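The following exercises concern the structure shown below. Please attempt each task before reading its solution.

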Amino acid sequence: MNGAVVEITRTAGDETEVVSRAVYEHPLVVRVCHWVNAVSLFVMIGSGLQIFRAFPSFGAKIPQKDLLNWPKSFAIGGWLGGALQWHLTFMWIYIATGVIYLGYQIFSGNYRQVLFSRRDLPGVWPMVRHYFFFGPKPLLREAYNPLQKQAYTSALGLGVLSVVTGFAVWKPVQFSWLAWLMGGFHWARLWHFLTMWAILGFVFGHLIMVLLHGWSNFVSMLTGWKKDPEY
């Protein structure tokens, strides 16, 4: 049903005019994974910051005390043990959601809608110019413009990286080869921390895109249908 179009028409004499149209952009699986993933990220980032408060450093060559004095009000878990329980619980929800999402995208072929490819490269700068430098709006032909595709494809890579670095930090003995690939345990912690900030950067940009595209863009992730799309 993905890509289905519904049109509301008005007939006046011999002429028929399309008054409104809606496109089914987001299948149910994608919408459920999106919102579950959003909650999981919120909990994991908050609990991760509480875990970081217990040892705010990344190694001997970086200051061991107050590297980042993160406010406790921005953290989840209350203490190290509580934060670990929250983090590890939602880690599995985060991974399961990711596996379901990727599996659906691959087997349904829906990935073609969001996957960034070489043919999208020329369209990135015109969208950047439009979003951030008040340039003219490029003509849209698909549900996702090239900049959105680039962002969402990068987000998938960051999601995988967050899981890989997370396992290296969580089980540095059992996954010693992972920690070794990342330069050791302290470097694995650093990569995990930087990946978190990169994901937050994506979330910030994602919210800006949602605001710029209007209310119907947000509603479409709730209902699946987007009213009067620009393409």
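A residue is called buried when its relative accessible area is under 20%, exposed when it is over 50%, and partly exposed in between (1.4 Å probe, protein chains only). The model is predicted, so local features need pLDDT of at least 70 and side-chain atom pairs count only at pLDDT 80 or more, whereas totals for chains, interfaces and linings use all residues. Residues are numbered from 1 along each chain as its sequence is written, and side-chain values use heavy atoms, with hydrogens and water left out.

**Exercise 1. Describe the protein chain as a whole.**

Step 1. Helices (H or I, at least four residues) and strands (E, at least two) are DSSP runs, numbered from the N terminus. The protein chain has seven helices and three strands.

Step 2. Read from the N terminus, the order of elements is β-β-α-α-α-α-α-α-α-β.

Step 3. Of the 231 residues, 36% count as buried.

**Exercise 2. Determine how helices α4 and α6 are arranged.**

Step 1. Two packed helices are described by the angle between their axes and the distance between the axes. Axes are lines fitted to C-alpha atoms, for helices over the stretch in contact, and angles run from 0 to 180 degrees between N-to-C directions.

Step 2. Helix α4 (residues 146-170) and helix α6 (residues 185-213) have axes that come within 9 Å and cross at roughly 155°. Therefore α4 is roughly antiparallel to α6, since angles under 35 degrees count as roughly parallel, over 145 as roughly antiparallel, 65 to 115 as roughly perpendicular and the rest as oblique.

Step 3. Contact means heavy atoms within 4.5 Å. Among the residues making the contact are L147, Q148 and Y152 of α4 and W191, H192 and H213 of α6.

**Exercise 3. Where is H87, and what surrounds its side chain?**

Step 1. H87 is found in helix α2 (residues 80-108). With 14% relative accessibility, H87 counts as buried.

Step 2. Leaving aside residues up to four places away in sequence, H87 touches M44, S47, G48, I51 and H192.

Step 3. A polar atom of the H87 side chain lies 3.0 Å from the backbone oxygen of M44.

**Exercise 4. Is N145 buried or exposed, and which residues does N145 touch?**

Step 1. N145 lies in the loop between α3 (124-133) and α4. At a relative accessible area of 3%, N145 is buried.

Step 2. The residues touched by N145 are M127, Y131, L140 and H213, not counting residues up to four places away in sequence.

Step 3. A polar atom of the N145 side chain also lies 2.9 Å from the backbone nitrogen of Q148.

Key:
Polar contact = N/O pair within 3.5 Å; in protein donor to acceptor, adjacent residues only side chain to side chain.
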